[in-house]
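Please examine the sequence and the model displayed below. The paragraphs that follow treat the contact between chains and then the packing of helices.

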Amino acid sequence: MSEAQLKNTGAERSRSLEEIFEQRIVNDEKIEPKDWMPEKYRKTHIRQISQHAHSEIVGMLPEGNWITRAPSLRRKVALLAKVQDEAGHGLYLYSACETLGVSRDELYDQLHSGKAKYSSIFNYPTITWADMGAIGWLVDGAAIINQVPLCNTSYGPYARAMIRVCKEESFHQRQGFEIMMSLCNGTEVQKQMAQDALNRWWWPSLMMLGPTDDVSVHTAQSMKWKLKRKTNDELRQQFIDQTVPQADILGLTVPDPDLKWNEETGHYDFGEIDWEEFWQVVKGHGPCNKERMNDRVGAWERGTWVRDAAMAHAEKQQIKKENQAKAV
Amino acid sequence: MEKNWPLWEIFVRSKNGLEHRHFGSLHAADAEMALENARDVYTRRSEGVSIWVVESKNITASNPENNGEMFEPAQDKIYRHPTFYTLPDEIKHM
């Protein structure tokens, strides 16, 4: 080792662990599970990654509703594959979260008891087939905008999970847009169905990108840890700018009378978001909060005997194997 | 009182000629179920031709806090690298 390197190492040791940690993140180094990390980093990551996992799992429910009612086999296999992906994404994320020293059981407990949140968009009902199109196009579109920057986040297991999620997610959005396109090129009634879905999902999709920057409490810290690379308002603007031209191609009207292209800023100006509605849904008073949790908790409880039986079987097989080994 | 399914680490060979690489983890009651679940969770888009599953508790990992003792001894042994040896420019194929 050179003299300069030696000096460097010495100076590093004298700095506090936390400073070294922050410096590693500034240098774009990844943090791995067994590395030292501040308690707040661990807690914040458990909160965000588990919320993300819960959202994938609860997100299956509104779409599961339509699997048996899909209008063709082609649509059915696509929707089935999308919902299966979401289960997979939930599992990648739960595993990443568990590397921070929290158990899967604790995580499920937090979801089932209402202690942990999930994306509030899944508390809206899916009342027509067009909702499958709107969810893929808008909800997955907003999710992708949120998720792509996370592929570079500082916590290694989370970043790796996000890379896999993002790779798989783009089919979700495309299949949604294709559903919208078919409806828009169909009969007048079908086109109205697509418009109605856009009317209902547009604002909740904008809310999905989180509270405005001036009230978002976690933004500053999350930016520092690269848990966030862009602010909520920046992400929302990006979503609107890329989605409005897509609505134009469909021939649909975005339900915002104040929406208009601003030549000066190079962005769309848009109307006031009803944050009161957002907070009501977050607090549990959305149209489907209760239904979603009942479905989720019910499925978990009804599956208990299956999980227990699998475990009992595994133990029995293990004992059998050991006895056979002894007999030889 | 239910017993939780243990955690398994999943390694996947993406194609012959490449090594198995750590893909992630999952919970399963036994090795057979871990293999089946790994197929569904990690190879939905033909990402693999072979899967290994290892129960996580069977993995012994080095501790990053001991990285100094563990890995620094290699740092001052630059003579293990070819660039340590100076040769005249006109020497080729070496």
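Which residue's side chain meets that of Glu168(A) in a salt bridge? In this predicted model, the partner is Arg44(B), and the N to O distance is 2.8 Å. This pair belongs to the boundary between chain A and chain B, for which the count is four salt bridges. Polar contacts have also been counted there: 10 residue pairs, both members at pLDDT 80 or more, are in polar contact between chain A and chain B.

Several helices of chain A build its side of this boundary. At least two residues each are supplied by α4 (73-98), α5 (104-112), α7 (156-184) and α13 (304-327) of chain A. Sorted by class, the side of chain A that touches chain B comprises 12 charged, six polar and seven nonpolar residues.

The extent of the boundary may be described next. The size of an interface is often expressed as the accessible area that is lost when the parts come together. Here chain A and chain B bury about 2100 Å² between them, and 48% of that area lies on carbon and sulfur atoms. In terms of residues, 25 of chain A are in contact with 25 of chain B.

Salt bridges may also be considered over the whole structure, where a search finds 22 over all chains. One of them joins the side chains of Glu63(A) and Lys82(A), at 2.4 Å from N to O. This pair links distant parts of the chain, since Glu63(A) lies in helix α3 of chain A and Lys82(A) in helix α4 of chain A, 19 residues apart.

Helix α3 (residues 39-67) of chain A also packs against helix α12 (residues 289-302) of chain A: their axes come within 10 Å and cross at roughly 110°. An angle from 65 to 115 degrees counts as roughly perpendicular, and α3(A) and α12(A) are therefore roughly perpendicular to each other. From α3(A), Ile57(A), Val58(A), Leu61(A) and Pro62(A) meet Arg292(A), Met293(A), Asp295(A) and Arg296(A) of α12(A). By class, this contact has five nonpolar and three charged residues, with no polar ones.

Definitions and conventions:
Residues numbered from 1 in each chain as written. Chains lettered and ligands numbered in written order. Predicted model: local features only at pLDDT ≥ 70, side-chain atom pairs only at ≥ 80, totals over all residues. Heavy atoms only, no water. Axes fitted to C-alpha atoms, helices over the stretch in contact; angles between N-to-C directions. Helix = DSSP H or I, 4+ residues; strand = E, 2+ residues; numbered from the N terminus. Parallel < 35°, antiparallel > 145°, perpendicular 65-115°, else oblique. Contact = heavy atoms within 4.5 Å. Nonpolar A, V, L, I, M, F, W, Y, C, P; charged D, E, K, R; others polar. Buried area = accessible area lost by both parts, 1.4 Å probe. Polar contact = N/O pair within 3.5 Å; in protein donor to acceptor, adjacent residues only side chain to side chain.
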